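Before this model goes into any further calculation, I would ask you to read the points below with the coordinates open beside you.

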Amino acid sequence: ERRVEWLARAILSSLFEDLHRPVKQALGQGLYEKHFGRTPFARRLGGSGTTARLNLWCGSLCGAICSGVIPLPLLAHVLLFLDVPRLQPLVCSRTSVKQPRRQYVFFIRHAESRWNAAKTPIGMYSELDHGITDAGNAQAEALRQAIWASQAGAGADSSSWAGRFSRAGVVFSSPLTRAIQTAVIALRDILMAGTREVVVLRSAREKKTVGGADAKGVATGSGIREHVSQQLKHLYRERVNWEAVECSPVACEDVAPGEVPVRQPYLRRTRTTERRIQRRESLLKAFDLIDLDVSDVRAKWWNTILETPGSFRDRLDEFMGRLRASGEENIIVVGHSLFFCEVFRTFFDHAGAPPGIRELGQTLSQSKMPNCGVLGLQLDWPEHGGPLITDVAPVFGTRVHDRDGSCLLERVAD
């Protein structure tokens with residue numbers, strides 16, 4: 001146990017709009033009345049008793065958090081708003097990590113990159129480690145909203161796919177920028193409410209193909225964070241649009257005797273611009289609070305030539321070994337379509353899976369996941385032999401299509 005104190009500054013209107021309103025909307029009228037009915041929030045115009053009301057309301061907020069009724073995305077929003085400082089983990093003596101016999105792993109394919117969006121790759125060879133597009137940003141934000149919505153319905157059911165996702169003990173990512181961008185944008189609520197760390201794995205990088213330029217990196221170690229930060233700022237670049245607004249009449253003291261007060265128009269930023277700036281500031285603030293563990297990618301981690309089948313299989317074994325060595329039951333991995341295809345092709349239990357799951361596994365061995373698609377995997381580790389993927393479920397509305405384009409299976413996390 002530890003006690004931590006810090007100072008967070010906010011004006012009353014911000015407390016109302018950015019703290020009280022999101023809490024009330026997320027909980028709904030019934031739950032809000034149950035936990036906050038006896039401690040009403042401060043009046044919008046302030047006045048006497050404001051500090052006492054805020055103290056009591058914040059006490060009720062702490063109680064709601066401790067009781068577990070606050071969804072993880074909302075908890076992340078509250079912690080970010082209150083500028084909760086990063087805490088160093090408590091040191092414990094643990095000589096070994098227990099290796100689970102069954103793990104639940106969630107594969108997330110990165111959002112659309114500039115390489116994906118290019119109609120012809122010819123003009124893209126001058127750029128390496130492509131970031132995501134505006135459309136990819138929208139995909140990542142949509143996934144974030146889908147996760148948020150599912151957490152509200154998942155409740156305390158830790159055995160559901162959505163419940164396991166929200167309780168992931170570790171988030172792994174490919175070192176390529178598009179994967180890390182996707183993790184930061186789509187998973188920032190999960191990260192802020194959890195470990196606040198993304199572990200970058202060299203073994204999770206994309207498989208290099210003939211003519212492909214989307215598997216090469218440009219940075220190692222701490223340089224990866226700098227490159228991702230630049231790409232995020234480019235993605236949320238400051239584009240300001242203005243609109244003319246007619247203000248109220250000028251103050252009487254500014255009007256000469258005998259003159260009639262007039263309305264003076266002025267320019268202000270549009271609401272769309274304001275929302276874009278708020279999203280940019282919120283994301284960059286969250287990124288500053290998220291650690292990137294780059295200990296595995298301090299040296300050059302990408303391939304300049306094609307990997308041999310043997311070396312690529314060694315990389316797959318290394319990847320699976322890192323999953324198990326984490327000791328976590330629930331894991332999230334943000335990566336790439338061809339790499340995930342190879343994982344299914346190599347480790348899916350085609351013989352033991354039920355017919356419907358077997359057909360899905362065969363499709364995933366040959367077809368790409370959609371951008372920002374999410375698959376939940378049940379990964380078993382038998383006493384003898386290698387790991388086996390014994391179940392798979394598309395979650396958060398992800399659709400898996402076969403090569404003919406027909407939807408094979410859609411199962412929303414419940």
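The numbered points that follow take up the sheet, its strands and helices, the cavity and two backbone details.

1. Please keep in mind throughout that this is a predicted model. The central item to inspect is an open sheet of seven strands, which runs in the order 6-3-2-7-1-8-9 and has mixed pairing. Strand 6 (291–293) and strand 9 (388–395) stand at its edges, and each has a single partner strand, so one side of each is left without a neighbour in the sheet. On average, and with direction ignored, neighbouring strands of this sheet are turned by 25° against each other.

2. How do the strands on either side of strand 7 pair with it in terms of sense and bridges? Strand 2 (residues 170–173) pairs with strand 7 (residues 330–335) in the parallel sense over four bridges, while strand 1 and strand 7 pair in the parallel sense over six bridges. For checking the register, valine 170 stands opposite isoleucine 331 in strand 7, and serine 173 stands opposite valine 334 of that strand. On the strand 1 side, the bridge partner of tyrosine 104 in strand 7 is asparagine 330.

3. Strand 7 is also mostly covered, with six of its six residues buried. Asn330, Ile332 and Val334 point one way from the strand, whereas Ile331, Val333 and Gly335 point the other way. This arrangement may be read against the general rule that, in a regular strand, the side chains alternate between the two faces of the sheet.

4. Two helices that pack on the sheet deserve a look. Helix 7 (residues 177–186) touches strand 1, strand 2, strand 3 (197–200), strand 6 and strand 7, and its direction makes about 135° with that of strand 7. Helix 11, for its part, lies across strand 1, strand 2, strand 3, strand 7 and strand 8, running at about 125° to strand 1.

5. A search of the whole structure for cavities of 30 Å³ or more finds one, and the volume of the largest cavity is about 30 Å³. Its lining is made up of Val105, Phe107, Phe319, Met320, Leu323, Val343, Leu377 and Leu379. The elements that each give two or more residues to this lining are strand 1 (102–109), helix 11 (309–325) and strand 8 (374–380), and helix 11 gives the most, with three residues. By class, the lining has eight nonpolar residues, with no polar and no charged ones.

6. Finally, which backbone angles would I ask you to examine, given that most residues other than glycine have a negative phi? Aspartate 129 has a phi near 55°, a positive value in a residue other than glycine, and it is found in the loop between helix 4 (114–117) and helix 5 (134–154). Because its relative accessibility is 3%, aspartate 129 counts as buried.

7. Cysteine 372 likewise calls for inspection, since its phi is positive, at about 65°, although it is not a glycine. The loop that holds cysteine 372 lies between helix 13 (355–364) and strand 8. With a relative accessible area of 8%, cysteine 372 is buried, the cut-off for that term being under 20%.

Notes: Residues are numbered from 1 along each chain as its sequence is written. This is a predicted model: local features need pLDDT of at least 70, side-chain atom pairs count only at pLDDT 80 or more; totals for chains, interfaces and linings use all residues. Side-chain values use heavy atoms; hydrogens and water are left out. On a 1 Å grid over the protein atoms alone, a cavity is a set of points where a 1.4 Å probe fits but cannot get out, and a pocket is an open set with protein on both sides within 12 Å along at least five of seven lines; lining residues have an atom within 4 Å of a point. Grid points are joined across faces, edges and corners, and a volume is the space filled by probe spheres set on the points. Ala, Val, Leu, Ile, Met, Phe, Trp, Tyr, Cys and Pro count as nonpolar, Asp, Glu, Lys and Arg as charged, and the others, Gly among them, as polar. Two strands pair if DSSP finds at least two bridges between them. Axes are lines fitted to C-alpha atoms, for helices over the stretch in contact, and angles run from 0 to 180 degrees between N-to-C directions. Contact means heavy atoms within 4.5 Å. Buried means under 20% relative accessible area, exposed over 50%, partly exposed in between (1.4 Å probe, protein chains only).
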